[in-house]
Amino acid sequence: QVQLVESGGGLVQAGGSLRLSCAASGRTFSNIAMGWFRQAPGKERETVAAISRSGGTTYYDDSVKGRFTISRDNAKNTVYLQMNSLKPEDTAVYYCAAQVRAFLDTLIQTSSGYSYWGQGTQVTVSS
């Protein structure tokens, strides 16, 4: 089992920044691939970014490329999502997800590839 706790959401004006954190526990963090997803009201959950267990490979959805940065600190068992130049369309509940990948240092892009999910944190961007 992997437990995930997100933090860092909030209300910000368009053009502003937020940093989301997701603290993991329960398994060796360096064996876990991580991802960030978001879901806006009335919309399906979508992939925002993903990172391999070593941090050596990252993926970004085109809608956030150049504005968001995913990173991880394996010593702190935490994955981050730095969000800059925020837009109203970034408003959503953001979830982190985890999947144990003890033998593969690859990332996972799709939500169906993750077994563990956090409770979500609300990000609201005002215009």
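Which hand does the disulfide of Cys22 and Cys96 have, judged by the torsion about its S-S bond? In this predicted model, the torsion about the S-S bond of Cys22 and Cys96 is about 50°, so the disulfide is right-handed. The sulfur atoms of Cys22 and Cys96 lie 2.0 Å apart, and the count for the structure comes to one disulfide. Cys22 belongs to strand S3 and Cys96 to strand S9 (residues 92–100), so the bond ties together parts that are 74 residues apart in sequence. Cys22 and Cys96 are both buried.

Strand S3, which carries Cys22, is also part of an open sheet of four strands, whose order is S1-S3-S8-S7 and whose pairing is antiparallel. At the edges of this sheet stand strand S1 (3–7) and strand S7 (68–73), and each of them has a single partner strand, so one side of each is left without a neighbour in the sheet. Direction ignored, neighbouring strands of this sheet are turned by 15° against each other on average. Within the sheet, strand S3 (residues 18–25) and strand S8 (residues 78–83) run antiparallel and are joined by six bridges; to take one position, Ser21 has Tyr80 as its bridge partner in S8. Strands of a sheet pair through backbone hydrogen bonds, either parallel or antiparallel.

A further set of pairings involves strands S4, S5 and S6. S4 and S5 run antiparallel and are joined by five bridges, in which Trp36 finds its partner, Ala49, in S5. These two strands form a hairpin with six residues between them, and Gly42 in the turn has a positive phi of about 80°. S5 in turn runs antiparallel to strand S6 (residues 58–60), with three bridges joining them, and the partner of Ile51 in S6 is Thr58. The hairpin of S5 and S6 has six residues between the strands, and here Gly55 takes a positive phi near 90°. S5 itself is mostly covered, since five of its six residues are buried.

Positive phi values also occur at residues that are not glycine, at Asn77 and at Ser85. Most residues other than glycine have a negative phi, and most peptide bonds are trans. Asn77, with a phi of about 55°, lies in the loop between S7 and S8, and at 30% relative accessibility it counts as partly exposed. Ser85, with a phi of about 50°, has its place in the loop between S8 and S9, and at 41% relative accessibility it likewise counts as partly exposed.

The interior can be approached through its nonpolar residues. In soluble globular proteins, nonpolar side chains tend to be buried together. The largest nonpolar core here has 30 residues, of which Leu4, Met34, Trp36, Leu81, Met83 and Tyr94 touch the most other members. Two or more residues of this core come from each of S3, strand S4 (32–39), strand S5 (46–51), S7, S8, S9 and strand S11 (121–126). Leu81 illustrates how sequence-distant parts come together: leaving aside residues up to four places away in sequence, Leu81 touches Leu18, Arg19, Leu20, Trp36, Val48, Ala49, Phe68, Thr69, Ile70 and Tyr94. Apart from the largest core lies another, of seven residues, among them Ala50, Ala97, Leu107 and Tyr114.

Tyr114 leads on to the aromatic rings, among which the structure holds three pairs. The rings of Phe37 and Tyr114 have their centres 5.4 Å apart and their planes at 80°, so this pair is edge-to-face. The pair links distant parts of the chain, as Phe37 lies in strand S4 and Tyr114 in the loop between S9 and strand S10 (116–117), 77 residues apart. Phe37 and Tyr114 are buried. The rings of Tyr114 and Trp117 have their centres 6.3 Å apart and their planes at 70°, so this pair, too, is edge-to-face. Where does the cover differ between these two residues? Tyr114 counts as buried at 6% relative accessibility, whereas Trp117, at 27%, counts as partly exposed. Through such ring pairs, Phe37, Tyr114 and Trp117 are linked into a cluster.

Notes:
Residues numbered from 1 in each chain as written. Heavy atoms only, no water. Pairing = 2+ DSSP bridges. Axes fitted to C-alpha atoms, helices over the stretch in contact; angles between N-to-C directions. Disulfide = S-S within 2.5 Å. Buried < 20%, exposed > 50% of the residue type's maximum accessible area, 1.4 Å probe, protein only. Core = buried A, V, L, I, M, F, W, Y, C linked by side-chain atoms within 4.5 Å. Contact = heavy atoms within 4.5 Å. Phe/Tyr/Trp six-rings, centres within 6.5 Å; stacked < 30°, edge-to-face > 60°.
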